Amino acid sequence: MTNCLPGFDASPVWLSLQTAFTATIITFFWGIAAARWLVGYQGRGKSFIDGIFTLPLVLPPTVIGFGLLLLFGKNGPLGSLLLHLGASVVFSWPATVIAATVVAFPLMYQTARGAFEQIEANIENAARTLGASEWTIFWRVTLPLAWPGIAAGTVLAFSRALGEFGATLMLAGNIPGKTQTIPMAIYFAVDAGKTGQALAWVAVIVSISLGVIVTLNYWKRRQGDGGARLAAEGGIKSVAGRGQKILSRLYVGSQFFRR
Amino acid sequence: MTLQCISGLMRPDAGRIVLKGRVLFDGSTGLHLPPRERKIGFVFQNYALFPHLTVWENVCFGITHLPKPEVGHRVKELLDKMRLTGLEHRYPRQLSGGQQQRVALARALAPEPDVLLLDEPFSALDTPVKHRLEGELLAIHRFFRGNVLFVTHNLAEAYRLSSRLAVIESGRLLQIGEKKAVISCPANRTVARLTGARNLWDGLVLRVDPGEVQVRVPELGQVLTAGVAAPGLQLNQSVVIGIRPECIRINPETGENILEGTVMEAIDGVTGFVYHVRAATASVQQYNLEVHLPKSIAPWIPPGQRCRLQLPAETLFVIPDCTPA
């Protein structure tokens, strides 16, 4: 691949995919955990915590990047700790993952939370009266019922991580072969007047994003008429519906705030 | 609310819940068993089946800790009893309302609970389905042989399905007992009203004999004889005397408590006629008797016409008047 086109370095594709996949895996677990925790949380400051979790979605990525830079910089609390352990995050590949994870997290968290909240309380209560522990209920009832929403959130988080630019630039910089992802490569190609190269990258990222969305739509349609395990009955349909609603709303949001 | 407290899904403020000698909740010691340790079967109003699991998996849910052959045996037996054989691999959305309800029952019965709680399971159904399901529920009860606690707002439904009735209003237990006793001898005015005893009058005790009480009812301008052995009734005590509308007879030959009246309004119902009658000796202008008569024995009486009614002594009940209306 690296040599298919002379003078064309394909490393941004692999960097982008690696970054997006890693960030998606991290947000998947943390997003679900945070959503589940907050749905059951009865204490004070619930909406404040929700706000903190959602903030990366509404803040300009440069602000997030700057915040992360302060946190992970040589003099930042986490940065100095890591330096102590002999590691430096800023301007390295992990920095692209951290930036992508932080901006993708709210999408996973919000969609998963919507999916959890949509589950009818009595379905979980029925499991309780049938002798199931809370842990069993989560794995056998809550998670399967929330699955369409969680899947939508995963796709959204992946798309967002793939397209991340601002925070990545601030924290990871633009080091070809190391931190230069596709959006970065496009910006600097245009900046350098290499319109052809920029267009090639645009074509790549459009096909990846389109591929993901088309796959998601195909899956949703199959789920719709197949009537397989996933899309069973009212409860879960509304979860899927809600998931899609959040998806479209957040998608618009993420498009708006990207960059 | 009561069912939620019994099942442990909700924590009551105070009190004790004891089931077959096991204390489930004790407000004074703070004991509150979680639902999973209570051995209670709960059928929710909308059944709350697991939509992502098949019928078989739904019924299995509460007994997965048992050895596999036993699970298979028990589920098979339940599905057979509930006439669900052949539907094992369907999902809840592929079932009719009645089938869903039977799955919910089978699922609740599989762990062999000490008591089965039913939360208005018929409230969302139309009449024919409701009637069929009622019949099925009775059959299932014979098979379960355990105690069933059934919550409903429908008196007729409660009476048909139960052996004992508890009347609860705003979280307070007003009366509990054999269903016949609750209906024929309501403990107070509220129970009488809630159980459909539409004719309630204030009165004054005139005479107390063994097994018989005479009460003057100013509103009717009559003295009524009630065949009750109400202990503790005293002369000149103010009481509430009442009769259910279906207990009043029309055009009697002879007997006690006969009164003349005018039909103020006549309603043609599906199974019977409803008459609003004003007693001829009444002190008020509105009707003061409601009479329900089955069409097979009653004639149609147009409004304005006079009629003779009898209030059989053995169907009248007398409540000492200590509760406000």
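Modeller: A quick term to begin with: a polar contact is a pair of N or O atoms within 3.5 Å, where within protein one must be able to donate a hydrogen and the other to accept it, and residues adjacent in sequence count only if both atoms are side-chain atoms. This is a predicted model, so local features need pLDDT of at least 70 and side-chain atom pairs count only at pLDDT 80 or more, while totals for chains, interfaces and linings use all residues. Residues are numbered from 1 along each chain as its sequence is written, chains are lettered from A and ligands numbered from 1 in the order written, and side-chain values use heavy atoms, with hydrogens and water left out.

Biologist: Across the interface of chain A and chain B, how many residue pairs are in polar contact?

Modeller: Salt bridges (a side-chain nitrogen of Lys or Arg within 4 Å of a carboxyl oxygen of Asp or Glu) come to zero across that interface. For residue pairs in polar contact, both at pLDDT 80 or more, the rule finds three.

Biologist: And which element gives the largest share of the side of chain A that touches chain B?

Modeller: Helices here are DSSP runs of H or I with at least four residues, strands are runs of E with at least two, and both are numbered from the N terminus. Two elements of chain A give two or more residues to that side, helix H6 (121-129) and helix H7 (134-163). With seven residues, the largest share comes from H6(A).

Biologist: What about area: how much is buried between chain A and chain B?

Modeller: Buried area is the accessible area (1.4 Å probe) that two parts lose on being put together, summed over both. Carbon and sulfur atoms give 62% of it here. The total is about 2200 Å².

Biologist: Is A:Gly114 buried or exposed?

Modeller: A:Gly114 sits in helix H5 (residues 93-118) of chain A. Buried means under 20% relative accessible area, exposed over 50%, partly exposed in between (1.4 Å probe, protein chains only). A:Gly114 has 3%, so the call is buried.

Biologist: Over in chain B, which strands stand at the edges of the sheet?

Modeller: Two strands pair if DSSP finds at least two bridges between them. Three strands of chain B form an open antiparallel sheet in the order S1-S2-S3. Two of them have a single partner strand each, so one side of each is left without a neighbour in the sheet: S1 (16-19) and S3 (31-32).

Biologist: And what is the bridge partner of B:Arg16 in S2(B)?

Modeller: S1(B) and strand S2 (residues 22-26) of chain B run antiparallel, joined by four bridges. For B:Arg16, the partner in S2(B) is B:Asp26.
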